[in-house]
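Colleague: Could we go through this protein together at the bench? I have a few questions about its parts.

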Amino acid sequence: MTDRQHEKIQNAPIKMRELIAQLDTASRAYYQEDREIMSDLEYDALYDELTRLEAETGIRLANSPTQKVGYEVVSALTKAPHDIPMLSLDKTKDIGALADFLGVHEGLLVWKLDGLALALRYENGRLIRALTRGNGQIGEDVTHNAKVFMNLPLAVPFLGDFSVWGEALITYADFEAINASIAANGEQEYKNPRNLCSGTVRQLNSEIAAGRRVFFYALGAAGAEGDIKKKSARLSWLSAQGFDVVEHEHVTAQTVAQTVEAFKEKIPTLPIATDGLVLTFDDIAHSESLGATSKFPRDSLAFKWADEISETNLLSIEWNPSRTGLINPVAIFEPVEIEGSVVSRASLHNVSILRGLELGAGDRITVYKANMIIPQVAENLTRSNTAEIPAVCPSCGGKTEITVQRAPAKEQKDENKDENNVTFPIVTKGSKPIDCSRIEHILDDNTEVLGGQARNDEEGEVLTCPNPACSAKLIQSLVHFVGRDGLNIEGMSEQTLEKLLTHGLISNYSDLFTLDRHEAAILSIDGFGRRLYEKLLAAVEKAKDIALPNFIYALGIRHVGLAGAKLLCDHYSHDFAQIAAACQGDDYQQSLAEIKGFGDAIAHSLHAYFINPANMEIASATLAHLKIQAAPEKTASGQSLEGMTFVITGDVRIYANRKALQAYIESQGGRVTGSVTAKTSYLINNDATSVSSKNKKAALLGVPVITEEEFVEHNRVAMM
Ligand SMILES: [Zn+2]
């Protein structure tokens, strides 16, 4: 292979990612914002280039527009054993120990990513399985969700069987946005990106995972190295197969300390969470020769930065009410500089943690940054224990309650983290020692031990405001109501709503449509000019013309996102009265179960909302001001494929591409999914001799395989 060819192959995945991003931006602008940023011709040219690169390289990334994988819902996560156990690593906080560890050998220094550990299996160039770490020996099958990760190759050029280890992560930015929307639906927020990722990858419905933008970073592989002798070369190989790999640097005993520093400086700008570094020998043969202790492989060592701890004085405890009714304690202290930035506040998470620390204004406390990002109170040196838990809500003045909060379902909790005292039988009698060099994975415990106290911020007592009319809840529900996917009232910010609310000019949704009654009062509010007032009135007027799904979404019914609202409206002919009747009916569960993807939780929530007379009164009063748009026309006439599910594999000849065939099927009311299950009606494949995993699965499940021609024939018959 010439250097040029080699370079081309190495760069192909990068080019493919660029093309996918461009196509994605264009179709988002087109479908969601009604804006055309490139012509059809340009779009098709980029699409064709991507298709060509995919064909040339054999790489197909999960988020490629050519790969529209259907969503899948599983009834439960099944367990399966790992081919090679996923071990934890020995760890140190001492930089000096790193040089000692390396000795004369070359090492590789990589991020210790703080996400959810996964093991992936590829066969015949296709992703066939994704398992969570579980207990290291047995994991849970999350293949349906891995298929909708943002950057995972579903197909790779290498056709042999191999395994890949890595970490699934959600970026800080996505974490913030997703948490905000979770809170807007009245559900419990996640504490950090790792918990959100763990909860997401273990969802039963892959549509949820798809919406949460999970990224996968490969750390290592086994089974496909060929003549690869270095772990760094293995990472390059993974890169050429289309994987995003963990950032890594070559080090020696002489350079390791300064490289650790260089990594440290990048932490504040890193989009994803890390909780240290991993040092491993680059040479695979050397690594393999070392074996393992009873617990840890000997070829790798995890490094955690010692937390920079500062002392300061606690000034007060602030109590922040949220829309969910939780009132969260925050420690306010004299500003101190930690890890290069000045901090003056830290969440105390819940009442139990506050009590455990025995805090009071004036106490001497120590603070640090968890993962070098999030400020935390470490210890209280003076323990005055004088902080009082407010008896009334700071927002509405209503009586508060202390309730016990459970961790999000036990098994859902951070399985990525080592259980204490779990050891893995690395060497079993009569068997060859397992190659631990292949396990480049590390985990540590979820519970931070501080000041000799174990602490877990997931569980414990929390302070809540039970008042349904609490102004904190009201303001957040109004923010949700006017938001982009709701009424989309431009310029109606949280501050504006707060002003209108505190001046008593609005108390519910429908009041937003009669602001003109309060013209003089509004104009007298500080910071309100006539221009702003008139702009708001115009925005409200414009917002009145709305599609029913956006209105239903705006009501903020628990578990009902925009996609769910659309399904609901489609099912009931975009008629609010029909929807209300169905949700109120005694047989609501049966009725709503007819809607694809609607489970018990959403049905209960809709029922609870619609049977509440206060909700119905507000909804009707608001509807009276709106001009609900007519139901959208079906794009194509037929519904001949209603209820049928197709999987398309291989090249198509009659349709321009698979996407076009999929679009046709969907226009006829059918569904296209990415993998063959017992529910699949037909597998469409033009290659009758194909031995792809899809064909095997179809044969196994008795799913008929038809060619594109046969599909067209079938379809004519069905349409008559
Ligand atoms: Zn309140």
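Colleague: What end-to-end distance do the C-alpha atoms of helix α12 show, and what should it span?
Modeller: Happy to help; this is a predicted model, where local features need pLDDT of at least 70, side-chain atom pairs count only at pLDDT 80 or more, and totals for chains, interfaces and linings use all residues. Residues are numbered from 1 along each chain as its sequence is written. Helix α12 (a DSSP run of H or I, at least four residues, numbered from the N terminus) has 12 residues, 471-482. The expected span is 1.5 Å times one less than the number of residues, so α12 should span 16 Å, and its end C-alpha atoms agree at 16 Å.

Colleague: Is H349 buried or exposed?
Modeller: H349 sits in the loop between β16 (341-347; strands are DSSP runs of E, at least two residues) and α11 (351-357). A residue is buried if 20 or more other C-beta atoms, placed from the backbone, lie within 10 Å of its own, exposed if 12 or fewer, and partly exposed in between. Because H349 has 21 C-beta neighbours inside 10 Å, it counts as buried.

Colleague: And what class does T66 fall into, by its C-beta neighbours?
Modeller: You'll find T66 in the loop between β1 (60-61) and β2 (79-81). Since T66 has 16 C-beta neighbours inside 10 Å, it counts as partly exposed.

Colleague: Which phi does H574 have?
Modeller: H574 belongs to the loop between α17 (562-571) and α18 (576-584). Although H574 is not a glycine, its phi is positive, at about 55 degrees.
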